[in-house]
Amino acid sequence: MSLEDSPIRTKSFEFACAIVKFCDELKATKDYELASQLLRSGTSIGANTREAQRGVSKKDFKYKFGIALKEADETKYWLEILEATGRQIPEEMMNKCDELIRILVAILKNS
């Protein structure tokens with residue numbers, strides 16, 4: 001399997017694209033600070049998984065995937081804040097975030 005066919009790479013990229021679109025909606029309703037936090041953490045997941053797959057050592061690989069997991073957890077936190085304060089979260093966004101967390105945990109356990 002090539003790197004481009006990697007499920008975590010594909011799923012994290014698709015999730016980042018959904019986050020960008022959702023953050024545009026948040027900015028339209030003047031939720032600039034929350035949009036900024038969510039955009040940073042939500043797109044960082046994919047950036048770190050991509051970087052991990054090009055890691056120069058096993059230690060580097062695990063470190064970058066660990067950062068991706070932390071960013072996924074932070075993204076879930078911001079989504080929970082938005083939900084708890086009455087904002088409408090896209091139906092699948094929380095599920096996709098949970099899925100990414102599960103995949104990242106499995107990768108780290110098996111590496």
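Q: At roughly what angle do the axes of α1 and α4 cross, and within what distance do they come?
A: In this predicted model, the axes of α1 and α4 cross at roughly 150° and come within 11 Å. Axes are lines fitted to C-alpha atoms, for helices over the stretch in contact, with angles from 0 to 180 degrees between N-to-C directions. Helices themselves are DSSP runs (H or I, at least four residues; strands are E, at least two), numbered from the N terminus.

Q: Why are α1 and α4 called roughly antiparallel?
A: The term applies to angles over 145 degrees (under 35 is roughly parallel, 65 to 115 roughly perpendicular, the rest oblique). The axes cross at roughly 150°, so α1 and α4 are roughly antiparallel to each other. α1 passes α4 in a left-handed crossing, a term used if the near helix is turned anticlockwise from the far one by less than a right angle, with clockwise giving right-handed.

Q: Which residues make the contact between α1 and α4?
A: From α1 come I8, K11, S12, F15, A18, I19 and F22, and from α4 come M93, K96, C97, E99, L100, I103, L104 and I107. Contact here means heavy atoms within 4.5 Å.

Residues are numbered from 1 along each chain as its sequence is written. Local features need pLDDT of at least 70 and side-chain atom pairs pLDDT 80 or more, whereas totals for chains, interfaces and linings use all residues, and side-chain values use heavy atoms, without hydrogens and water.

Q: What makes α1 and α2 roughly antiparallel?
A: Their axes lie 9 Å apart, and the packing angle is about 165°. That angle falls in the antiparallel class, and α1 and α2 are therefore roughly antiparallel to each other. Their crossing is left-handed.

Q: Which residues of α1 and α2 meet?
A: On the α1 side they include F15, A16, I19, V20, F22 and C23, and on the α2 side they include A35, L38, L39, G42, I45, G46 and T49.

Q: How do the axes of α2 and α3 cross?
A: They come within 8 Å and cross at roughly 155°. That makes α2 roughly antiparallel to α3. Here too the crossing is described as left-handed, with α2 passing α3.

Q: How does the reach of α2 stand against what is expected?
A: α2 covers residues 32–53, a run of 22 residues, and reaches 32 Å from its first C-alpha to its last. The expected span is 1.5 Å times one less than the number of residues, and for α2 the reach is close to the expected 32 Å.

Q: Where does α2 bend, and by how much?
A: The bend is at S44 and amounts to about 30°. This is the angle between axes fitted to the seven residues ending there and the seven starting there.

Q: Which residues of α2 are buried, and what do they pack against?
A: Among the buried residues are L34, A35, L38, S41, S44, I45, N48 and A52. The buried residues of α2 pack against α1 (7–28), α3 (58–84) and α4 (93–109).

Q: Why does K64 count as buried or exposed?
A: Buried means under 20% relative accessible area, exposed over 50%, and partly exposed in between (1.4 Å probe, protein chains only). K64, in helix α3, has 15% relative accessibility and so counts as buried. Leaving aside neighbours within four places in sequence, K64 is in contact with N48, E51 and A52.

Q: How is K76 classed, and with which residues is K76 in contact?
A: K76 also lies in helix α3. Its relative accessible area is 23%, so K76 is partly exposed. Its contacts, leaving aside neighbours within four places in sequence, are M94, C97, D98 and I101. The C-alpha atoms of K76 and I101, 25 residues apart along the chain, are separated by 9.2 Å.

Q: Why is I89 called buried or exposed?
A: I89, in the loop between α3 and α4, has a relative accessible area of 11% and is therefore buried. Not counting residues up to four places away in sequence, I89 touches F22, L79, L82 and E83.

Q: What is notable about the phi of K30?
A: Phi of K30 is near 70°, a positive value in a residue other than glycine. Most residues other than glycine have a negative phi. K30 lies in the loop between α1 and α2, and at 61% relative accessibility K30 counts as exposed.
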